[in-house]
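Visitor: I'd like to learn how to read a model like this one, feature by feature. Could you walk me through it?

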Amino acid sequence: MTETHTGTYEVVVIGGGAAGLSAALVLGRSRRRTLVVDAGEPRNTPAAHMQGYLTRDGMSPAEFLALGREEIARYGVDLVRDRAVDVTKGDGFAVALAGGETVHARRIVVATGLKDELPDVPGVAERFGRDVIHCPYCHGWEVRDQAFGVLATTPLSVHQALMVSQWSKDVTLFLHTVAESELSDDDLRRLAAAGVAVVPGEVAELVVEDDRLTGVRLAAGTHSGGGATHPREAVFVAPRAVPQTGLLEKLGAELQETPFGAYPVVDPTGLTTVPGVWAVGNAMGFGEQVVNAASAGYRAGATINGDLLMADLDATVRA
């Protein structure tokens, strides 16, 4: 893996996760001088494995990224362990790094992802990625047929409870801070049809015994059944997604509101409303799993190579 770099590149990729590394791989194979700036904070760090990526199902996320870094190095792509703190556009782009250096590029790929903000319930953060999980496609098979809890964070958690019922017929939706009145009649009918039990009242904590989740304890005195512990073996929760769009905003990229936060407006290749700036992976949308992020990076990398080629040819024609 290359850890050294100099100041001028054709493309700087900000973010060294699946999306960023995939873009860098395509660009390196296209003989483009490319730098990856990686702060080393992948979203899936808490997970012991990733699922649903053909031929990589069950692989450790850390191993996956290590292999990706080895692959891009084979094609001359540079990688620096640093954080991009600012990007400005002039005749090209200048990327300021936390370490004090500034690197320059003709094109930028933003692959900064998102961060998960978890409910402030004791046990949730400590168990996240183990028996507190968020995605049934990522983890449902591994906990199939166990006693599930779903910790509501918004009324949209009803959808999560309905989805996870595909992997277990023993599902309880804990409304927590969501009022029963916020559930629609359709919500209640679907929950009943799926056999999902609904428990009102705030959750006080997750119960852990011998390093294993065993239950969900309700807060005392706030409702009937307060203080009771419901035996559960796995808890699904929907974290609040916080898109890492600060650099895109500094560049003036247009954002659009979604149910999961504000994300950049992009075309099918990931090109933002700022010419020369692409967003890929969770930097462009909430639902980008590892396999989707890698695909988006590939698509952006190939598009950027063609864009640079045509720009150079046009410049030669005009000369």
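Visitor: Let's start with His139: is it buried or exposed?

Guide: The general idea is a cut-off on relative accessible area: buried means under 20%, exposed over 50%, and partly exposed is in between (1.4 Å probe, protein chains only). His139 has a relative accessible area of 9%, so it counts as buried. It lies in helix α4, residues 136-139. Before we go on, this is a predicted model: local features need pLDDT of at least 70, side-chain atom pairs count only at pLDDT 80 or more, and totals for chains, interfaces and linings use all residues. Residues are numbered from 1 along each chain as its sequence is written, and side-chain values use heavy atoms, with hydrogens and water left out.

Visitor: And what does His139 contact, leaving aside its neighbours within four places in sequence?

Guide: Contact means heavy atoms within 4.5 Å. With those neighbours set aside, His139 is in contact with Ala47, His49 and Ile133.

Visitor: How many helices and strands does the protein chain have?

Guide: Helices (H or I, at least four residues) and strands (E, at least two) are DSSP runs, numbered from the N terminus. Here the protein chain has eight helices and 19 strands. Its C-alpha atoms fill a box of roughly 80 × 35 × 35 Å along the principal axes. Of its 319 residues, 47% count as buried. Take the contacts between residues at least 6 apart in sequence: 60% of them join residues at least 24 apart.

Visitor: Let's pick one helix. How does the reach of α1 relate to what is expected?

Guide: The expected span of a helix is 1.5 Å times one less than its number of residues. Helix α1 (residues 18-29) has twelve residues and reaches 16 Å from first C-alpha to last, close to the expected 16 Å.

Visitor: How many residues of α1 are buried, and what do they pack against?

Guide: Ten of the twelve are buried, so to speak of α1 as mostly covered is fair. Among them are Leu21, Val26 and Leu27. The buried residues pack against β1 (8-14), β2 (34-38), α2 (61-74), β6 (102-110) and α8 (290-318).

Visitor: What happens just after α1?

Guide: Arg31 takes a positive phi there, about 70°. Arg31 sits in the loop between α1 and β2, and with a relative accessible area of 77% it is exposed. For a sense of distance, Arg31 and Ser181 are 150 residues apart in sequence and 59 Å apart in space, C-alpha to C-alpha.

Visitor: Where is Lys169 found?

Guide: Lys169 is in the loop between α5 (157-164) and β10 (171-174). Its relative accessible area of 66% makes it exposed. The C-alpha atoms of Lys169 and Gln146, 23 residues apart along the chain, are separated by 8.5 Å.

Visitor: Which backbone oxygen lies 3.1 Å from a polar atom of the Lys169 side chain?

Guide: A polar contact is a pair of N or O atoms within 3.5 Å; within protein, one must be able to donate a hydrogen and the other to accept it, and residues adjacent in sequence count only if both atoms are side-chain atoms. For Lys169, the partner is the backbone oxygen of Ser165.

Visitor: What about Asn282: buried or exposed?

Guide: Asn282 is in the loop between β19 (277-279) and α8, and at 12% relative accessibility it counts as buried. Its side chain reaches the backbone oxygen of Gly285 at 2.9 Å, and the backbone oxygen of Phe286 lies 3.1 Å from a polar atom of that side chain. Not counting residues up to four places away in sequence, Asn282 touches Arg43, Gly113, Leu114, Tyr263, Gly287 and Glu288.

Visitor: Now pockets. How much space lies in the second largest one?

Guide: Rolling a probe the size of a water molecule over the atoms shows where empty space is left. On a 1 Å grid over the protein atoms alone, a pocket is an open set of points where a 1.4 Å probe fits, with protein on both sides within 12 Å along at least five of seven lines; lining residues have an atom within 4 Å of a point. Grid points are joined across faces, edges and corners, and a volume is the space filled by probe spheres set on the points. The second largest pocket holds about 310 Å³. Of its 16 lining residues, Leu25, Tyr53, Phe64, Gly68 and Glu71 are the closest to its centre.

Visitor: Which element gives the largest share of that lining?

Guide: That's α2, with five residues.
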